[in-house]
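Thanks for passing this one along. Here are my notes, in the order I would go through them with the viewer open.

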Amino acid sequence: MKAIFKREFLSYFHTVLGFIFIAAILFFFGLYSYAYNMAGAYSEVTYPLQAITFLFMIIVPLLTMKSMAEDRKTKTDQLILTAPVSVGKIVLAKFMAVGAIFSIAAGIMCIYPIWLSRYGTIAYGETYTGMLGLWLYGLLCISIGIFVSSITESMVLAAVISFVALFVGFMMSSISELISASGALEKVLNCLDITAGMDSCMEGTLDISGIVYYVTATALFLFLACQAVQKRRWSGAKSKKAKLSVFSSGLIVAGIVVCVLINVVVAQLPEEVKAIDVTQEKLYTLTDETKEYIQNLDKDVTIYVLEKEADADDTLSKTLDRYEDLSKHITVTYVDPSVSPNFYTNYTDSAPTENSLIVECGDVNTVISYDSIYETEANYNTYAYETTGYDGEGQITSAINYVTSEEQPVVYTLSGHGESSLGDSFEDALKKMNISVESFSLLETEAVPEDAEFVIINGATSDINEDEAQILCDYIKGGGRMLITLTYTQEDMSNLKAVLNEINISMEDGIVVEQDTSNYYKTPYYLLPVIVSTDLTTDISNDYVFMPYSVGLDMDMDSLSDTENIVEFFSSSEDAISKTDAANATSYEKEKGDIDGPFALGLWYTNTEETEDEDEEAQILSEVIVLSSATTFTDEADNVVSGTNLSFFKTAVTELLGDDEDSSSTISIDVKSYESESLTVSEGAAEVYRVMMVWVLPVALIAAGIIIWVKRRRG
């Protein structure tokens, strides 16, 4: 076997064919890599990998056409067949020879991401998983080519048939969709789709089922090639020809059955086992919050996907599979709109888009539009919309939460005093938590609405009146909960200050300016506060919070009753000062009238009930969370710290809802970003890459092949 492998392997390099094969792969990969990664500055190496898959339909048949057919045509196969080597070893040696040549090209491609990493961050997990998928796909193509070569003595015919077979396998998903295949036919056509496993790997999934498919399919075609050779070996034994043919046919059927059974068994594995998520953002992995919530689910939920299963969005399908794996209470059903065009009318009046979801539990249901599954943004360079995030888990978990919850909490925001609006991502978070947000004015009502879970006062720029202040004070005394953010203003805010004084919190005059460079971003007004370890800050203790234009806070601990407590969770550095006349300030340094720090920037007031038993946990009656900057809850501020402000907001909301016994009812999962860091490539570096990878390396390989071929011809 070793001798046959060596003979076959070297034969490709004694001619130009092996060099051309490697050079062609590297030329096209280098060309697309230059276009996408260097010129386009994309960090995803899977783009050029996907672009070169078409190449295998052309170059693999040219490489494999002579592997078996040439020996048969020149009658040298008789020497091999009479050698003391089994047919299986002969076929395997020829396959390994061609596979080794392809592996050389694949190995060289593995160096490219390392080169590209000089210009930015490369997702190595996704990249090399994609390369693994391409390598396995290439080996399957080679096994198909060897099988075709084993059934004919014409190299040209072997190349043509191999091309047709690979083309059909490459286009099978489109063919299946074109003929609207369903049922058993659909399953058969899916088995003939030789690109599905590779596509999964390219998308950042270490697809175990795809890997098993490629290994078993490759083994099957090599086995079929062995049977084709065996048939010729038995052709001389006429007396036993019929029996041997039946035996061979039985082996072929058995081989196909074993291959199918192995793939069927692997397909039954949980999605989390058979499809390992290697993406940086863990796009296909459910968060721990969702896992805990779904595993504790005690109600039956049905999720209808308005699309034929074979045509459903692949990423969304993988996500839904993971939900089904987590709980027996989750059932996913695909509804083909072409078969049941009016199915949606049982749930909504307007027709949802394809791939939309209907989530149902008993008599309660909700529709998740497919448009909300993916987050898109306009790219003004290309004048097109680009997908920037995936929110499948967030939307599905929120919908399950909605249909299984008995009540939906209501939060009220105070209006009428120039209050700021919450950022879009903060409002979306409340929607995902299935919290209804209503606005109210104390000028129109004499009390806070009774159904209010808590009240938000977000950056009032003008003062409330005395009556409003009294209503809010009474609300707090009566066990109310509030989230208050403050904003710097030169207006008299004595009544709002009176509400804060009710809970022993006071506002300093002016605006906080940081002197410690580690506690601000770009300018001393853009604060990055010290995060104090509390129950509110556990999830963000190692991150930054961004709080521009903050006012200083102080607390009077001596005036608190035995049941009251105030906890500081954000603070300035000791070097901070408060500019009392910020409009006329001439320096960031302390000037006349400025106040020395440090200042509290976030305070958490609680009033608990009295308990006779020291071991009994006291229940919170009143609760107020105060932040010194209304800008904290804007998308612009949140983007600076990559979502930390939003994480804190959700923690604060959950705390104010008083959901200690069932915190999962306010679960909210963030959008998973598709955006990756762009490469920073100079024109000179891009040009060097183009010359080296597109021209020098491929041309050098072909030149080396020609030189070796000429020398052998002359020798």
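The points below cover a surface patch, the aromatic pairs, two charges over rings and one helix.

1. Before anything else, please keep in mind that this is a predicted model. Every value I quote below is computed from it.

2. Have a look at the surface first. A nonpolar patch there is formed by I58, L62, V156, V160, F163, V164, F167, V168, I175, L178, I179 and L185. Together these residues have about 1,000 Å² of accessible area.

3. Which helices each supply at least two residues of the nonpolar patch? They are α4 (56-64) and α10 (155-178). Helix α10 gives the most, with 8 residues. One patch member to click on is V164, which is placed in helix α10. V164 counts as partly exposed because its relative accessibility is 43%, and partly exposed covers the range between 20% and 50%.

4. Now for the rings: the count of aromatic pairs comes to 37. A good one to inspect is W115 with Y689, an edge-to-face pair at 5.5 Å centre to centre and 85° between the planes. W115 belongs to helix α8 (residues 112-116) and Y689 to helix α24 (residues 683-714), so this pair ties together parts that are 574 residues apart in sequence.

5. Are the two partners of that pair buried or exposed? W115 counts as partly exposed, at 21% relative accessibility. That value is just past the cut-off, since buried means under 20%. Y689, with a relative accessible area of 0%, is buried.

6. F569 and F570 make another edge-to-face pair, with 4.8 Å between centres and 70° between planes. Both F569 and F570 are buried.

7. Ring pairs also build a cluster: Y521, Y525, Y526, F546, Y549 and Y588 are linked in this way. I would colour these six residues together when you view them.

8. Two lysines deserve a look for their placement over rings. K66 lies over the face of Y12, 4.4 Å from the ring centre. K318 has its charged end over the ring of Y284, at 4.9 Å from the centre.

9. Y12 leads us to helix α1, where Y12 is among the buried residues, along with I4, E8, S11 and F13. How far apart are the end C-alpha atoms of this helix? The distance is 18 Å, which agrees with the 18 Å that the 13 residues of α1 (residues 2-14) should span at 1.5 Å a residue.

Technical notes: Residues numbered from 1 in each chain as written. Predicted model: local features only at pLDDT ≥ 70, side-chain atom pairs only at ≥ 80, totals over all residues. Heavy atoms only, no water. Patch = residues over 30% accessible without salt bridge, like charges linked within 9 Å, V, L, I, M, F, W, Y side chains within 5 Å. Areas by Shrake-Rupley, 256 points an atom, 1.4 Å probe, with all protein chains shown as cover. Salt bridge = Lys/Arg side-chain N within 4 Å of Asp/Glu carboxyl O. Helix = DSSP H or I, 4+ residues; strand = E, 2+ residues; numbered from the N terminus. Buried < 20%, exposed > 50% of the residue type's maximum accessible area, 1.4 Å probe, protein only. Phe/Tyr/Trp six-rings, centres within 6.5 Å; stacked < 30°, edge-to-face > 60°. Lys NZ or Arg CZ within 6 Å of the ring centre and 35° of its normal. Expected span 1.5 Å × (residues − 1).
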